[in-house]
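Open the model in your viewer and keep the sequence panel visible. This tour moves from one selection to the next and says what is there.

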Amino acid sequence: MASSKNGKGVALFSPYKMGKFNLSHRVVLAPMTRCRAIDGIPNQALVEYYSQRSTPGGFLISEGTLISPTAAGFPHCPGIYTKEQVGGWKKVVDAVHAKGGVIFCQLWHVGRASHRVYQPGGAAPISSTNKPISKRWRILMPDGSHAAYPAPRALARHEIPQIIQHYRSAAVNAIEAGFDGVEIHSAHGYLIDQFLKDGINDRIDEYGGSLSNRCRFLLQVVRSVATAIGADRVAVRISPAIDHLDASDSNPLALGLAVVENLNKLQAELHSQLTYLHVTQPRYVAYGQTEAGGHVSEEEATELVRELRRAYQGSFMSSGGFTRQLGMEAVAQGDADLVSYGRLFISNPDLVERFKVNAPLTRYIRKTFYTQDPVVGYTDYPFLGQESGATKALARLHKASLGGVYAAQTLVFLEAAVIYSGTKG
Ligand SMILES: Cc1cc2nc3c(=O)[nH]c(=O)nc-3n(C[C@H](O)[C@H](O)[C@H](O)COP(=O)(O)O)c2cc1C
């Protein structure tokens, strides 16, 4: 088994065999929506961005990638359901492979975290429920303004197999584009999480109620994707203790363990492990307190993730608020085999190198997380040794580009400002 549970002394920079993939270190690019794929098609800017963050034997996860036209809930996210999108991704993947990197495509459906403007024919977004996301959350609109989430439409039972089919064909397309595998986004309050969490899922059919019923949709997706492309190319991301977009659960530990047990069973049945399980640490959750009482303290959350790690039979990746030091400790203590880094990787394309030599890090500029400029705040962060002068010029550029619509976005950079807002800002 690839996992190194008692990995004392195993460093963040040591090689790791993640299933069939031989990685040279454990610093992973976390999946991050960046809204630069104009009209949903990966372009040269994405080629540059991912290529900059590739290292020989390094592992990257793509931004959330739409499995179908109903999956969208942000402006200009890439899809993987048309030939053109597959062609665009091919160039990105080729660039990563040329640098010796390994890359998975994160398969994403936002479910009710959408708006009619993003839906084909202006229809209501789909979900496990008819309940909208509460007014404390606002959606980023295509023009940079923000709006309330509209009421979704609960999927009828007979529609569910079609959505599962969309995940499956998106996975097949990802392999066609050259991706080494896929990560099924089942976290952060999006469609699959809308089935998992009892704070959202109010169904009375076999997809709601008991833990096994709430896990059913996820398991069916994983099984379908795994039988199409091989379990050893499939990973799952969950966030049982995170209540982003109202995704609270009355018992996050029981939910997390139920997912893990079901994945273990599926692996045994398929005679193959999945590539890894990716769990988001709610280390710096700003919105810890929920009306549903789903609050967990930082210690409880860390212990929860440890329990999942102990229970899961396979490679385990942690994400959320990790610094160099915390990542080194997590791997050395056996809490994780791999650590994914988000915000620090946005502003430090050579994060791996900087971590290795313990170099200072460039601060990220939150205002440009979700803007559409192909360069500013995207591919213009300096590499080590290029900082002099470049950083100041960068700051000026960012300032200049932040008039108009972008200024309004500072409040609700949903993923970043809320779930991931840490002490670092
Ligand atoms: C701008 C931005 C976009 C994100 N988009 C995604 C996404 O598409 N899919 C996902 O699973 N997580 C997404 N996340 C969460 C990251 O994968 C990561 O877990 C999070 O940033 C916490 O790690 P950090 O503290 O190292 O930034 C996003 C985070 C940020 C900052």
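## Stop 1: the ligand

Select proline 31 together with the ligand: a backbone N or O atom of proline 31 lies 2.8 Å from an oxygen atom of the ligand. What you see is a predicted model, and every distance on this tour is computed from that model.

Next, add serine 319, where a polar side-chain atom is 2.8 Å from a ligand oxygen. Then add histidine 185, whose side chain has an N or O atom 3.2 Å from an oxygen atom of the ligand. The ligand on its own exposes 600 Å², and the protein buries 100% of that.

Now show the residues around the ligand, 20 in number. Which of them come nearest? They are Pro31, Thr33, Arg237, Gly321 and Arg343. If you colour the shell by residue type, you should find eight nonpolar, nine polar and three charged residues.

## Stop 2: a salt bridge between distant parts of the chain

Leave the ligand and turn to the salt bridges, of which the structure holds 14. Select aspartate 232 and lysine 20, which form one of them, with the closest N and O atoms 3.3 Å apart. Where in the chain do the two partners of this pair lie? Aspartate 232 is in the loop between α5 (211-229) and β11 (234-238), while lysine 20 is in the loop between β1 (16-18) and β2 (21-23). The two residues are 212 residues apart, and the pair links distant parts of the chain.

Turn on the surface and look at both ends of this bridge. Aspartate 232 has a relative accessibility of 28%, so it counts as partly exposed. Lysine 20, at 39%, is also classed as partly exposed.

## Stop 3: helix α7, a bridge within the helix

Select helix α7, residues 298-311. Within this helix, pick arginine 306 and glutamate 303, which form a salt bridge whose closest N and O atoms are 3.4 Å apart. Why are these two separated by about one helical turn? They are separated that way because they sit three residues apart in helix α7.

Check the surface again at this bridge. Arginine 306 has a relative accessible area of 27%, so it is partly exposed. Glutamate 303, with 31%, is partly exposed as well.

Keep both residues selected and add Arg310 and Asp335: Glu303, Arg306, Arg310 and Asp335 are linked in a network of salt bridges. To see how the backbone is placed here, draw a line between the C-alpha atoms of glutamate 303 and aspartate 335, which are separated by 9.8 Å. Along the chain, these two residues are 32 residues apart.

## Stop 4: helix α7, a buried bridge

Now select arginine 309 and aspartate 337. They form a salt bridge with the closest N and O atoms 3.0 Å apart. Arginine 309 lies in helix α7 and aspartate 337 in the loop between α8 (324-332) and β14 (338-341), so the pair ties together parts that are 28 residues apart in sequence. The side chains of aspartate 337 and arginine 309 are also joined by a polar contact of 3.0 Å.

Are these two residues buried or exposed? Both arginine 309 and aspartate 337 are buried. For aspartate 337 the relative accessible area is 0%.

## Stop 5: two cysteines

Select cysteine 105 and then cysteine 215. Cysteine 105 is buried, with a relative accessible area of 0%, and cysteine 215 is buried at 1%. How many disulfides does the structure hold? It holds zero disulfides. A disulfide is a covalent bond between the sulfur atoms of two cysteines.

## Stop 6: two residues with positive phi

Most residues other than glycine have a negative phi. The last two selections have a positive value.

Start with aspartate 39, in the loop between β3 (27-29) and α1 (44-52). Its phi is near 60 degrees, a positive value in a residue other than glycine. At 64% relative accessibility, aspartate 39 counts as exposed.

Finish with asparagine 358, in the loop between α10 (351-357) and α11 (390-400). The phi of asparagine 358 is near 55 degrees, again positive in a residue other than glycine. Asparagine 358 counts as exposed, with a relative accessibility of 52%.

Notes: Residues numbered from 1 in each chain as written. Predicted model: local features only at pLDDT ≥ 70, side-chain atom pairs only at ≥ 80, totals over all residues. Heavy atoms only, no water. Salt bridge = Lys/Arg side-chain N within 4 Å of Asp/Glu carboxyl O. Helix = DSSP H or I, 4+ residues; strand = E, 2+ residues; numbered from the N terminus. Buried < 20%, exposed > 50% of the residue type's maximum accessible area, 1.4 Å probe, protein only. Near = heavy atom within 4 Å. Polar contact = N/O pair within 3.5 Å; in protein donor to acceptor, adjacent residues only side chain to side chain. Areas by Shrake-Rupley, 256 points an atom, 1.4 Å probe, with all protein chains shown as cover. Nonpolar A, V, L, I, M, F, W, Y, C, P; charged D, E, K, R; others polar. Disulfide = S-S within 2.5 Å.
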